[in-house]
Amino acid sequence: MRAVVFEEVGELMDVQEIERPAPAPDEVVVETEACGICRSDWHAWQGDWDWVGVAPTPGLVFGHEPVGTVKSVGEDVDTLEVGDRICVPFNLSDGTCRYCKQGRANICERVVPLGFVPFQQGAFAEEFPVRNADHNAVKLPEGVDPVDVAGLGCRFATAFHGLVHRVDVTPGDWVAVHGCGGVGLSAVHIADALGANVIAVDLSTDKLEKAEELGADATVDVREVDDVPLAVKEHTPNRRGVEVSVDALGVAETCRNSVKSLCKGGQNLQIGLTTSEEEGEVSLPVDTIVMDEREFIGSFGMPPHEYEEIFSMMDQGKIDPGKIVSKTVSLDEVPEVVASMDDYETIGIPVCDDF
């Protein structure tokens, strides 16, 4: 079958013929209908994140935001059948550890990232396997568009889990989103759906305009201000700052700006992971965090059971992940799309829907 194959850090990937997967007893094999192309793929492709154990090896197939149809089923799988349409979280869990039992499968003790390790092939391929399928596979509601759902496995899901389950967003709160890439625009859209007043922060006019389309009430162009946190606070009552600030990029500057944009008692939601420049370490105004009782909270993916909440809100017309999708491409175009993310000009979520 055809798949996009990684060979070397920074070397343009290409489409190759590889062996079709066969399901292990607890697995299903899924025929791919669509798969989002994520900045996380770019990070891994260029060699970031070895400090957290992500080190791609030759022959790896990326792709962790898939939607597809079950093609074959392992002998121990009980809840899925051939023909079921599913999506899966990017952080595959075993369903048995203490965190899975607490409903926090996204931080499973034995989590396996889809498409980032050699023993779990990703979905930039005609077919891909899903381990612990009874636990990880999420059946899709009738009639959903695969392209609309393709971004749910990582960016939209992480933003949703973070804003709905990790921090306290209530109607009327002020929420700042620093970085309006795919996950940042998802956060803007979700925060607006939750009734918040949203301030989008970026250095791209096009991305800020897209944020306004998705519900941002105000924008801050970082090229036009000397002090980003102050510019954010000027949009809030009495310039007190925002109740929730989201760092959706992960570089040192956006992380610090996000924390400094908070009001007293505010919560920083850290979604963006760092680059090779930070290597996972960012200095923060610790004394201010302590004296203002600000909180620093991470969000990593989403457990499978929370997809039902997203599907319910989609059905009610409150959120629409498809609004974040910027374009669709073929499998042959995936390598160039990943490489083009060097310039940070990608708007929204590109999706591969032609395999």
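**A short tour of a predicted model**

Hi everyone, let's start with Thr274, which sits in the loop between strand E14 (262–270) and helix H10 (286–291). Before I go on, please keep in mind that this is a predicted model. So, is Thr274 buried or exposed? Thr274 has a relative accessible area of 11%, and that makes it buried. Which residues does Thr274 touch, if we set aside those up to four places away in sequence? They are His43, Trp49, Trp51, Gly250, Glu279, Gly280 and Val282. If you want a long-range reference, take Pro56: it is 218 residues from Thr274 along the chain, and the C-alpha atoms of the two are separated by 17 Å.

Now let's turn to charged side chains. As a general reminder, side chains of opposite charge can pair when their charged atoms come close. How many salt bridges does a search of the whole structure find? The search comes up with 14. I'll walk you through a few of them.

One of these joins the side chains of Lys71 and Glu127, with 2.6 Å from N to O. Lys71 belongs to strand E4 (residues 66–73) and Glu127 to strand E8, so this pair ties together parts that are 56 residues apart in sequence. The partners sit in contrasting surroundings: Lys71 is partly exposed at a relative accessible area of 42%, while Glu127 is buried at 4%. The pair also has company, since Arg20, Lys71, Glu126 and Glu127 are linked in a network of salt bridges.

Next, please find Arg110 and Asp94, whose side chains meet in a salt bridge of 2.5 Å, N to O. Where do these two lie? Arg110 is in the loop between helix H2 (98–101) and strand E7 (112–113), and Asp94 is in the loop between strand E6 (91–92) and H2, so the bridge ties together parts that are 16 residues apart in sequence. Arg110 is partly exposed, with a relative accessible area of 47%, whereas Asp94 is buried, with 17%.

A further salt bridge brings together the side chains of Arg240 and Glu243, at 3.1 Å from N to O. Arg240 is partly exposed, with a relative accessible area of 38%, and Glu243 is buried, with 18%.

Asp94 leads us nicely to Asn132. Asn132 touches Asp94, along with Asp26 and Ser93, leaving out residues up to four places away in sequence. Along the chain, Asn132 falls in the loop between strand E8 (127–130) and helix H3 (133–136). Asn132 is partly exposed, with a relative accessible area of 22%. Its C-alpha atom is separated by 10.0 Å from that of Gly74, which is 58 residues away along the chain.

There is something to note about the backbone here, too. Most residues other than glycine have a negative phi. What is phi for Asn132? It is near 45°, a positive value in a residue other than glycine. Arg239 is a further case: it is not a glycine, yet its phi is positive, at about 55°. You'll find Arg239 in the loop between helix H8 (228–233) and strand E13 (242–247). Arg239 is exposed, with a relative accessible area of 56%.

Let's move on to a lysine, Lys207, in helix H7 (residues 205–213). Lys207 is buried and has no salt bridge. Which side chain of opposite charge is nearest to Lys207? That is Asp202, 4.9 Å away. Why does this pair not count as a salt bridge? The cut-off is within 4 Å, from a side-chain nitrogen of Lys or Arg to a carboxyl oxygen of Asp or Glu. Beyond its neighbours within four places in sequence, Lys207 is in contact with Cys180, Leu185, Asp202, Tyr344, Glu345, Thr346 and Ile347.

My last stop is a pair of helices. Two packed helices are described by the angle between their axes and the distance between the axes. Helix H5 (residues 155–166) and helix H11 (residues 307–315) pack at about 95°, and their axes are 11 Å apart. H5 and H11 are therefore roughly perpendicular to each other. Which residues meet there? From H5 come Phe156, Ala157, Phe160, Val164 and His165, and from H11 come Tyr307, Glu309, Ile310 and Met313. By type, the residues of this contact divide into seven nonpolar, one polar and one charged.

That's my tour, thanks for listening!

Note on methods:
Residues are numbered from 1 along each chain as its sequence is written. This is a predicted model: local features need pLDDT of at least 70, side-chain atom pairs count only at pLDDT 80 or more; totals for chains, interfaces and linings use all residues. Side-chain values use heavy atoms; hydrogens and water are left out. Helices (H or I, at least four residues) and strands (E, at least two) are DSSP runs, numbered from the N terminus. Buried means under 20% relative accessible area, exposed over 50%, partly exposed in between (1.4 Å probe, protein chains only). Contact means heavy atoms within 4.5 Å. Lys and Arg count as positive and Asp and Glu as negative; His and the chain ends are not counted. Axes are lines fitted to C-alpha atoms, for helices over the stretch in contact, and angles run from 0 to 180 degrees between N-to-C directions. Angles under 35 degrees count as roughly parallel, over 145 as roughly antiparallel, 65 to 115 as roughly perpendicular and the rest as oblique. Ala, Val, Leu, Ile, Met, Phe, Trp, Tyr, Cys and Pro count as nonpolar, Asp, Glu, Lys and Arg as charged, and the others, Gly among them, as polar.
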